[in-house]
Amino acid sequence: MSSINPLVPIWAAYQATEDALKMSRRVVHFADRTTEILNAFSGDEAETEKAVAFAQYKAGKNFLNRIKVLNQTDTLNSLLTQSAQEISDLFVLSLWATFERFVRDFLQEKGEKIREILPTDLGEFYYQHVYHEIDYWKPEDILDLLKHSLFKADEQQIGRTKEVLKYRDWVAHGKNPNKMPSSTITPKLAYDRLYSLTETLIAKRSNAPSPTAL
């Protein structure tokens, strides 16, 4: 198991996506201001030809006019706002999926000790069974296991993590408006909570090599 927190690249991807959306909003704002200026020129006027090449002028004006049409009907702004929320929820899903896989791998690695049970035939079979069963454990049961063991001195941390899980479940199951989650979880909130817990597990991991694929 790597000592690098697996949530870091997911968070970096989210930040890059956020920057891209911000740039899109700036394009819309730029279009509002610039279209009026371009509309004041004619493609035949010397002033315009001096300012920009004719082909660039035409292409730019066409592009900005298209954005203006969309913006006049609020289509683009609405789409950007809706996209931002959908993207945020998808990144909460991605952060949780990455976190959950890490925890399952962590528990499978810890199960290596079972192989030392005597007789060895029993130990090896027992290990194989537990290794595969961990992938079928319910996420909430896994969090309870951590709550009563590694995090018994800070059970609230597991409680906060369960809020992320509940929001993740709500998103993954279609965002039922009749079963709203108790807390709205942003990617930043999910990242902070899951990152902290993951860092604790990384510090608790054994030095044994990760098991090969079984």
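In this predicted model, the axes of helices α7 and α8 come within 10 Å of each other and cross at roughly 135°. That angle makes α7 oblique to α8. The crossing of α7 past α8 is left-handed. If you would like to find the place where the two helices meet, look on the α7 side for Gln 157, Ile 158, Arg 160, Thr 161, Glu 163 and Val 164, and on the α8 side for Ala 190, Arg 193, Leu 194, Ser 196 and Leu 197.

Now step back for a moment to see where this pair belongs. The chain has eight helices and zero strands, and reading along the sequence gives the pattern α-α-α-α-α-α-α-α. There are 214 residues in the chain, and buried ones make up 33% of them. Of the contacts with a separation of 6 or more, 72% are between residues 24 or more positions apart.

Let us follow α7 first. Helix α7 covers residues 155-172. Its 18 residues should span 26 Å at 1.5 Å a residue, and its end C-alpha atoms are 26 Å apart, so the two values agree. Which residues of α7 are buried? They are Gln 157, Ile 158, Thr 161, Lys 162, Val 164, Leu 165, Tyr 167, Trp 170 and Val 171. Among these, Gln 157, Ile 158, Thr 161 and Val 164 also belong to the contact with α8.

Helix α7 has another neighbour in α6, which covers residues 139-147. The axes of α6 and α7 come within 9 Å and cross at roughly 170°. Angles over 145 degrees count as roughly antiparallel, and α6 and α7 are therefore roughly antiparallel to each other. From α6, the contact involves Pro 139, Glu 140, Leu 143, Asp 144, Leu 146 and Lys 147; from α7, it involves Glu 155, Ile 158, Thr 161, Lys 162 and Leu 165. Ile 158 and Thr 161 appear here, and they are also part of the contact with α8.

One residue of α7 deserves a visit of its own: Tyr 167. Is Tyr 167 buried or exposed? Its relative accessibility is 3%, under the 20% cut-off, so Tyr 167 counts as buried. Leaving out residues up to four places away in sequence, Tyr 167 touches Gln 85, Asp 89, Val 92, Pro 181, Ser 183, Thr 184 and Ile 185. Of these, Gln 85, Asp 89 and Val 92 fall within helix α4, residues 75-110. Thr 184 is 17 residues from Tyr 167 in sequence, while their C-alpha atoms are 6.8 Å apart in space.

Beyond the end of α7, the backbone has some details to look at. Gly 174 follows α7 and has a positive phi, near 100°. Lys 175 also has a positive phi, about 55°, although it is not a glycine. Lys 175 lies in the loop between α7 and α8, and with 22% relative accessibility it counts as partly exposed.

The loop leads on to α8, residues 187-204. This helix has 18 residues and reaches 25 Å from its first C-alpha to its last, close to the 26 Å expected at 1.5 Å a residue. Buried in α8 are Pro 187, Ala 190, Tyr 191, Arg 193, Leu 194, Leu 197, Thr 198, Leu 201 and Ile 202.

Aromatic rings make a good final stop. The count comes to seven aromatic pairs. One of them joins Trp 96 and Phe 99, a tilted pair with 5.1 Å centre to centre and 55° between the planes. Both residues lie in helix α4, three residues apart, about one turn of the helix, and both are buried. Another pair is found in α8: the rings of Tyr 191 and Tyr 195 have centres 5.3 Å apart and planes at 40°, so this pair is tilted. Tyr 191 and Tyr 195 are four residues apart, which separates them by about one helical turn. An α-helix has 3.6 residues a turn, so residues three or four places apart point the same way. Tyr 191 is buried, with a relative accessible area of 12%, whereas Tyr 195 is partly exposed at 29%. Together with Trp 11, Tyr 14 and Phe 91, these two tyrosines form one aromatic cluster.

Terms used. Residues are numbered from 1 along each chain as its sequence is written. This is a predicted model: local features need pLDDT of at least 70, side-chain atom pairs count only at pLDDT 80 or more; totals for chains, interfaces and linings use all residues. Side-chain values use heavy atoms; hydrogens and water are left out. The expected span of a helix is 1.5 Å times one less than its number of residues. Buried means under 20% relative accessible area, exposed over 50%, partly exposed in between (1.4 Å probe, protein chains only). Rings of Phe, Tyr and Trp (its six-membered ring) pair if their centres lie within 6.5 Å; planes under 30 degrees apart count as stacked, over 60 as edge-to-face and the rest as tilted. Axes are lines fitted to C-alpha atoms, for helices over the stretch in contact, and angles run from 0 to 180 degrees between N-to-C directions. Angles under 35 degrees count as roughly parallel, over 145 as roughly antiparallel, 65 to 115 as roughly perpendicular and the rest as oblique. A crossing is left-handed if the near helix is turned anticlockwise from the far one by less than a right angle, and right-handed if clockwise. Contact means heavy atoms within 4.5 Å.
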